[in-house]
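Thanks for making the time this morning. Please have the sequence and the model open beside you while I talk, and stop me whenever a residue is hard to find.

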Amino acid sequence: MLKLIISAYACSPNMGSELGIGWNWCVQLALHCELHIITESEYQERIEAALSTLEQGGRMHFHFLPVTEKVRRMCWNQGDWRFYIYYKKWQQRAADMARDICRQERIDILHQLNMQGFREPGYLWRVSQETGIPFVWGPIGGLKQFPMAYAKDGSWKMRYFMGLKNRLNTWQLKHSRRVGNAMKQASLLISSIPDSYRAIKEVKGLESVWIPDTGTVVHKNLNLDLDVDANLNVNLDLDDNLNVVWAGKFDFRKRLDLALKAIAETGNQRIRLKVLGSGNQRQETEAKALAERLGMAGQVEWMGNIPNSQVQEEMRKADLFLFTSVNEDSPTVVMEAISNRLPVLCFDCCGMSAVVTDEVGKKIALTTPQQSVKDFAEAISYLYDHREVLAQMSKNCKRRAEQLSWESKAQRMVEMYKNLNTNPNPNLNHNGKDV
């Protein structure tokens, strides 16, 4: 059985985003490998409680490296650039811990798992140089560009920030010495989305393998028999409401305003929207005021932040998941929708472009915010009138969930680990395949 060291700063059971990425990857990999997982200690109690419930828990050895509460607040306050100063120091400590583990154990693979932003590759690549142990990095994210046509509706500060971030991403990928060294040392690079694959290929001239950073859960108990209407996710009665769910933080890039405007544009009072999530006080006030101005306040139910289990339940009761973000890697909520056999309507960009196929949803092109409102409204109206299309998409979600499952990712990853273990030379194993 292969032995791995995994650096996963963010890791916790029953969480989404980076925390869920770290946890789910490790849980599935531990079915096939023995893991030494270096992580931050904020969720240590949850992790240790969950390990006792897992059959493979004995193969998951956690090594906790704490940071201060101040640094934790910076971490979860997305956009706080000060965090990277402390995060770099944490990665140096993680590398020192990895060296200690290597002295005590026979390690086969070093894997820099998360956080997945490309600008902080950690230092396991140096441990690889020192020991000759193959180094894997990824899924690598943060390489998509914000579509500036969708920044025009924001404040001048937002437009400046997004434009600056686009330029910095390109500059850092080209010129960051540590990023370049880590990529050159890697025996395998994993791209989180097609944008990452293209950027690594075009800027660094290196191949990578595309594997979405998030995964689906295959629910064995969901009856997907189209002959049994009561067990369908979709209500086929055109006299009933079409129940739409939107989920996420009220960040500008999520473009909740487009979702509200699109539903208002349909002019159909039977289309109802549940908004799962929240923002700061200003963001929430502005969103609710917009719904009032659009004359659709009665069509929107503001659910706020609710437990993940309730999010799953709301998805299972809905007919359509509306996802209007224009800047993502592989969104956890989209994977959750597919897991819960809920068809998805989203932009044809970022991770969604590859995850959402015509069989399980509809995608609209990036154009302008004004045109997108019309395009989303047209798609929603079509699906309102063609519930049988939604029903078929709901049924198709089962097969797509199996293709994107955490289990399938882990199995693919282990095969690549084994290949590296017999052929450890850097950059010989990249094939760029869609997995």
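Let me begin with a cut-off, since I will lean on it throughout: a residue is called buried when its relative accessible area is under 20%, exposed when that area is over 50%, and partly exposed in between. Please also keep in mind that what you see is a predicted model.

With that cut-off in hand, take Arg 341, which is found in the loop between helix H12 and strand S12, residues 344–347. Its relative accessible area is 10%, and because buried means under 20%, Arg 341 is buried. Its backbone deserves a look as well, for Arg 341 has a positive phi of about 50 degrees although it is not a glycine.

Arg 255 is another arginine to look at in this way, placed in the loop between strand S8 and helix H9. Its phi is near 50 degrees, again a positive value in a residue other than glycine, and with a relative accessibility of 1% Arg 255 counts as buried. Arg 255 also belongs to a network of salt bridges, in which it is linked with Asp 153, Asp 257 and Lys 261.

While we are on the backbone, there are cis peptide bonds to point out. One runs from Asn 114 to Met 115, with omega near 10 degrees, and Met 115 lies in the loop between strand S4 (109–114) and helix H5 (124–131). Another runs from Gly 138 to Pro 139, also with omega near 10 degrees, and here Pro 139 lies within a strand, namely S5, residues 135–140.

Let me return to salt bridges, of which the count comes to 22. Which parts of the chain does the pair of Glu 328 and Arg 253 link? The closest N and O atoms of Glu 328 and Arg 253 are 3.0 Å apart, and the pair links distant parts of the chain, with Glu 328 in the loop between strand S11 (320–323) and helix H12 (332–339), and Arg 253 in the loop between strand S8 (242–247) and helix H9 (256–266), 75 residues apart. Glu 328 counts as buried at 8% relative accessibility, and Arg 253 counts as buried at 18%.

Another salt bridge sits inside a helix: Arg 72 pairs with Glu 69, their closest N and O atoms being 2.6 Å apart. The two residues are three apart in helix H3, residues 69–76, and so are separated by about one helical turn. In general, an α-helix has 3.6 residues a turn, so residues three or four places apart point the same way. Arg 72 counts as buried, at 11% relative accessibility, whereas Glu 69, at 45%, counts as partly exposed.

Helix H10, residues 281–293, holds a pair of this kind too, with Arg 282 and Glu 286 four residues apart, about one turn of the helix. Their closest N and O atoms are 3.3 Å apart, and Glu 286 counts as partly exposed, at 44% relative accessibility. The buried residues of H10 are Gln 283, Ala 287, Leu 290 and Ala 291, and seen down the helix axis they fall within an arc of 100 degrees, so they line one face. On the face turned away from that buried side, H10 carries the exposed residues Gln 281, Glu 292 and Arg 293.

Helix H16, residues 406–422, has 17 residues and reaches 25 Å from its first C-alpha to its last, close to the 24 Å expected. Its buried residues include Trp 406, Met 413 and Leu 420, and the buried residues of H16 fall within an arc of 165 degrees, so they too line one face of their helix.

Trp 406 also leads us to the second largest pocket, which has a volume of about 620 Å³. Its lining comprises 26 residues, and those nearest the centre are Met 15, Asn 24, Val 217, Asn 308 and Trp 406. Helices H1 (17–29), H11 (308–317), H12 and H16 each give two or more residues to this lining, and the largest share, seven residues, comes from H1. By class, the lining divides into nine nonpolar, 15 polar and two charged residues.

Finally, there are two cavities of 30 Å³ or more. The second largest cavity has a volume of about 40 Å³, and among its lining residues are Tyr 9, Cys 11, Glu 40 and Trp 76.

Note on methods
Residues are numbered from 1 along each chain as its sequence is written. This is a predicted model: local features need pLDDT of at least 70, side-chain atom pairs count only at pLDDT 80 or more; totals for chains, interfaces and linings use all residues. Side-chain values use heavy atoms; hydrogens and water are left out. A salt bridge is a side-chain nitrogen of Lys or Arg within 4 Å of a carboxyl oxygen of Asp or Glu. Buried means under 20% relative accessible area, exposed over 50%, partly exposed in between (1.4 Å probe, protein chains only). The expected span of a helix is 1.5 Å times one less than its number of residues. The arc is that of the directions from the helix axis to the C-beta atoms. On a 1 Å grid over the protein atoms alone, a cavity is a set of points where a 1.4 Å probe fits but cannot get out, and a pocket is an open set with protein on both sides within 12 Å along at least five of seven lines; lining residues have an atom within 4 Å of a point. Grid points are joined across faces, edges and corners, and a volume is the space filled by probe spheres set on the points. Ala, Val, Leu, Ile, Met, Phe, Trp, Tyr, Cys and Pro count as nonpolar, Asp, Glu, Lys and Arg as charged, and the others, Gly among them, as polar.
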